[in-house]
Amino acid sequence: MITHQDIWSAIDAVAVSHKITLSRMAINCGLDANTFNKSKRLDSYGKLR
């Protein structure tokens, strides 16, 4: 089973392997620059996103 942590680790690994920031990767994907920021991985109640 793929976990929440597995997905975020993979996203982080892609950014590192391409030597770009998470913000730049989001922009390159056509998303808001804050989409992959670590602060966005939990909602205000601590629930995983």
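This is a short talk about how one small set of residues and a loop look in a predicted model.

Hi everyone, thanks for coming. Please keep in mind throughout that we are looking at a predicted model, not an experimental one.

Let me start with the overall picture. The chain has 49 residues, and its secondary structure amounts to 2 helices and 0 strands. If you lay the C-alpha trace along its principal axes, it spans about 30 × 25 × 15 Å. Buried residues account for 18% of the chain. The accessible surface is about 3800 Å², and carbon and sulfur atoms hold 60% of that. For those of you who like contact maps: take the contacts between residues at least 6 apart in sequence, and 28% of them join residues at least 24 apart. And for the electrostatics fans, there are 7 positive and 4 negative charges, with mean positions 5 Å apart.

Now, to the inside. Which residues make up the largest nonpolar core? There are 7 of them: Trp8, Ile11, Ala15, Leu22, Met25, Ala26 and Phe36. Helix 1, running 4-17, and helix 2, running 22-28, each bring at least two residues to this core. That fits a familiar trend: in soluble globular proteins, nonpolar side chains tend to be buried together.

Within that group, have a look at Ala26. Leaving aside residues up to four places away in sequence, Ala26 touches Leu31, Asp32, Ala33, Thr35 and Phe36.

Phe36 brings me to the aromatics. How many aromatic pairs does a search of the whole structure find? Just 1. The partners are Trp8 and Phe36, and their arrangement is edge-to-face, with 6.4 Å centre to centre and 75 degrees between the planes. The pair ties together distant parts of the chain, since Trp8 sits in helix 1 while Phe36 lies in the segment after helix 2, 28 residues apart. Are these two rings on buried or exposed residues? Trp8 has a relative accessible area of 11%, so it counts as buried, the cut-off being under 20%. Phe36 is also at 11% relative accessibility and is therefore buried by that cut-off.

Last stop, the backbone. Where is Lys19? You will find Lys19 in the loop between helix 1 and helix 2. Its phi is near 55 degrees, which is a positive value in a residue other than glycine. Lys19 has a relative accessible area of 76%, so it is exposed, as the cut-off there is over 50%.

That's my tour, and I'm happy to take questions.

Conventions. Residues numbered from 1 in each chain as written. Predicted model: local features only at pLDDT ≥ 70, side-chain atom pairs only at ≥ 80, totals over all residues. Heavy atoms only, no water. Core = buried A, V, L, I, M, F, W, Y, C linked by side-chain atoms within 4.5 Å. Buried < 20%, exposed > 50% of the residue type's maximum accessible area, 1.4 Å probe, protein only. Helix = DSSP H or I, 4+ residues; strand = E, 2+ residues; numbered from the N terminus. Contact = heavy atoms within 4.5 Å. Phe/Tyr/Trp six-rings, centres within 6.5 Å; stacked < 30°, edge-to-face > 60°. Areas by Shrake-Rupley, 256 points an atom, 1.4 Å probe, with all protein chains shown as cover. Lys, Arg positive; Asp, Glu negative; His and termini not counted. Charge placed at Lys NZ, Arg CZ, Asp CG, Glu CD.
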